[in-house]
Amino acid sequence: MKRIINQMKLRLPAISSNEAVARSIVSAFIAELNPSVEEIGDVRCAVSEAVTNAIVHAYPDTWDGEYPQIYISVRLYSGRELSVEVSDNGIGIEDVEKARQPMFTTAPSDERCGMGFLVMESFMDEVTVKSRLGHGTRV
């Protein structure tokens, strides 16, 4: 059985500049596993895509007051394994299977290419998406 050797939770406002912050913090945190440069790059790309998707799609309306939040949880396991979860409390995804199809986007006017989940899947061994309308998404 895998044993958790370390874990962290991070909460950031859903603003575009925090995509780089999330990527940097997660890559620094996983250094404990002694990853290769390629492995670090893979995790950085997947985290960037997940956080960017949450910023762009979870909270499409303008808001007053505090920024909505993005949550990142990272667990390091024995055997050099890790899990990274990016979640939000946004609008949710109506049809997850449809959203996972290449070229599907809910923001075509923003010149989005609809490749977010495909990009994440190309860098990670497994990508799971759970979403509830009106409650948010967890990747």
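How many helices and strands does the secondary structure of the protein contain?

**Figure 1. Overall secondary structure of the predicted model.** The secondary structure comprises four helices and five strands. Followed along the sequence, these elements are arranged in the pattern β-α-α-β-β-α-α-β-β. The protein has 139 residues, and 36% of them are buried. Of the contacts between residues at least 6 apart in sequence, 65% join residues at least 24 apart. The exposed surface of the protein amounts to about 8600 Å², and carbon and sulfur atoms supply 49% of that area.

**Figure 2. Helix H2, residues 37–58.** Helix H2 has 22 residues, and at 1.5 Å a residue the expected span is 32 Å. The C-alpha atoms at the two ends of the helix are 31 Å apart, which agrees with that expectation. The buried residues of H2 are Val43, Ala46, Val47, Ser48, Ala50, Val51, Asn53, Ala54, Ile55 and Ala58. An α-helix has 3.6 residues a turn, so residues three or four places apart point the same way. Among the buried positions of H2 are Val43, Val47, Val51 and Ile55.

**Figure 3. The largest pocket and its lining.** The volume of the largest pocket is about 1000 Å³. Its lining consists of 32 residues, and those that lie nearest the centre are Leu82, Ser83, Val84, Met124 and Glu126. Two or more lining residues are contributed by each of the following elements: H2, strand E2 (69–77), strand E3 (81–88) and helix H4 (116–123). Classified by residue type, the lining contains 17 nonpolar, three polar and 12 charged residues.

**Figure 4. Valine 86 in strand E3.** Valine 86 has a relative accessibility of 5% and therefore counts as buried, the cut-off being under 20%. Beyond its neighbours within four places in sequence, valine 86 is in contact with Ala50, Val51, Ile70, Tyr71, Ile72, Thr137, Arg138 and Val139. Two of these partners, Ala50 and Val51, are also among the buried residues of helix H2. Isoleucine 70, another of the contacts, lies 16 residues from valine 86 along the chain, and the C-alpha atoms of the two residues are separated by 7.1 Å.

**Figure 5. Arginine 80 in the loop between E2 and E3.** The phi angle of arginine 80 is near 60 degrees, a positive value in a residue other than glycine. With a relative accessible area of 44%, arginine 80 is partly exposed. Not counting residues up to four places away in sequence, arginine 80 touches Leu33, Asn34, Pro35, Ser36 and Glu39. The C-alpha atoms of arginine 80 and glutamate 32 are separated by 9.0 Å, although the two residues are 48 residues apart along the chain.

**Figure 6. Asparagine 34 in the loop between helix H1 (17–29) and H2.** Asparagine 34 is a residue other than glycine with a positive phi, near 55 degrees. Its relative accessible area is 63%, so asparagine 34 is classed as exposed, for which the cut-off is over 50%. Asparagine 34 is one of the residues that arginine 80 touches.

Conventions. Residues numbered from 1 in each chain as written. Predicted model: local features only at pLDDT ≥ 70, side-chain atom pairs only at ≥ 80, totals over all residues. Heavy atoms only, no water. Expected span 1.5 Å × (residues − 1). Buried < 20%, exposed > 50% of the residue type's maximum accessible area, 1.4 Å probe, protein only. 1 Å grid on protein atoms, 1.4 Å probe; cavity = no way out; pocket = protein on both sides within 12 Å on 5 of 7 lines; lining within 4 Å. Points joined across faces, edges and corners; volume = space filled by probe spheres on them. Nonpolar A, V, L, I, M, F, W, Y, C, P; charged D, E, K, R; others polar. Contact = heavy atoms within 4.5 Å. Areas by Shrake-Rupley, 256 points an atom, 1.4 Å probe, with all protein chains shown as cover.
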